[in-house]
Amino acid sequence: MDVKNPVHAPRGELALFSGRSGKGLAEKVAHELTLIYKAHELEPTKEGKRTNDGAFELWDGSLESFANGELRYEVKDNIRGKDVFVIQCCDDPTEKSRSINDNITEVELALYTLRHNGRPGNLTAILPLFPYSRADRPDPEKRNTTSLKWFAQKLSYVGKNNIIMTDLHSPIG
């Protein structure tokens with residue numbers, strides 16, 4: 001295996017998914033990956049999701065909404081052993097009909113389904129804005145929760161291996 005090849009690295013073949021609020025960003029990431037592949041003259045893998053002209057495509061996962069608001073996520077591609085990334089913008093200012101909590105539920109459901117029904121080699125959540133990052137410390141005067149810790153524990157439970165985030169409220173340290 002060629003370790004210098006960024007796509008065929010030891011972690012496995014790359015699979016890129018998005019939630020409804022992360023689709024625009026995921027498409028931009030797929031475009032950048034296409035440029036990287038073309039610049040390095042890399043060949044697609046046998047099962048890679050690419051168009052005829054070599055452009056990366058998002059892998060097929062679908063979210064179904066029921067009349068009562070419940071959701072069901074379905075993985076339509078074989079991701080066994082793949083290096084899977086899920087992009088979700090939890091605080092999506094372009095979508096007024098879904099709250100930050102709706103987007104959190106969606107990404108948790110997607111991660112859980114991908115982990116437990118798809119069996120990827122690695123599962124990484126990409127959350128450009130990490131929800132509840134302003135609630136990172138308890139208030140000694142009140143009996144309140146650190147919502148950040150609660151959300152991080154929920155993500156850990158659904159089975160992600162890694163998380164990539166930006167725009168933290170306060171510096172870690």
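Arginine 72 is partly exposed, with a relative accessible area of 45%, where partly exposed lies between buried, under 20%, and exposed, over 50%, as computed with a 1.4 Å probe on protein chains only. Its partner is glutamate 64, which counts as partly exposed at 34% relative accessibility, and the two form a salt bridge whose closest N and O atoms are 2.6 Å apart; the term requires a side-chain nitrogen of Lys or Arg within 4 Å of a carboxyl oxygen of Asp or Glu. The model is predicted, so local features need pLDDT of at least 70 and side-chain atom pairs count only at pLDDT 80 or more, while totals for chains, interfaces and linings use all residues. Residues are numbered from 1 along each chain as its sequence is written, and side-chain values use heavy atoms, with hydrogens and water left out.

By this rule there are three salt bridges. Lysine 82 pairs with glutamate 13, with 3.8 Å between the closest N and O atoms; because lysine 82 lies in the loop between strand 3 (71–75) and strand 4 (83–87) and glutamate 13 in the segment before strand 1, the pair ties together parts that are 69 residues apart in sequence. Both lysine 82 and glutamate 13 are buried. Helices (H or I, at least four residues) and strands (E, at least two) are DSSP runs, numbered from the N terminus.

In another salt bridge, glutamate 106 meets arginine 20 at 2.9 Å, N to O, and this pair links helix 2 with the loop between strand 1 and helix 1 (23–39), 86 residues apart. Glutamate 106 counts as buried at 3% relative accessibility, whereas arginine 20, at 36%, counts as partly exposed.

Glutamate 106 and arginine 20 also appear in the lining of the largest pocket, together with residues including Phe17, Lys23, Trp59 and Tyr73. A pocket is an open set of points on a 1 Å grid over the protein atoms alone, where a 1.4 Å probe fits, with protein on both sides within 12 Å along at least five of seven lines, and lining residues have an atom within 4 Å of a point. About 200 Å³ of space lies in this pocket, and the largest share of its lining, three residues, comes from strand 2.

Helix 2 (residues 100–118) also holds arginine 115, which is buried yet has no salt bridge, the nearest side chain of opposite charge, aspartate 83, being 8.5 Å away.

Conventions:
Lys and Arg count as positive and Asp and Glu as negative; His and the chain ends are not counted. Grid points are joined across faces, edges and corners, and a volume is the space filled by probe spheres set on the points.
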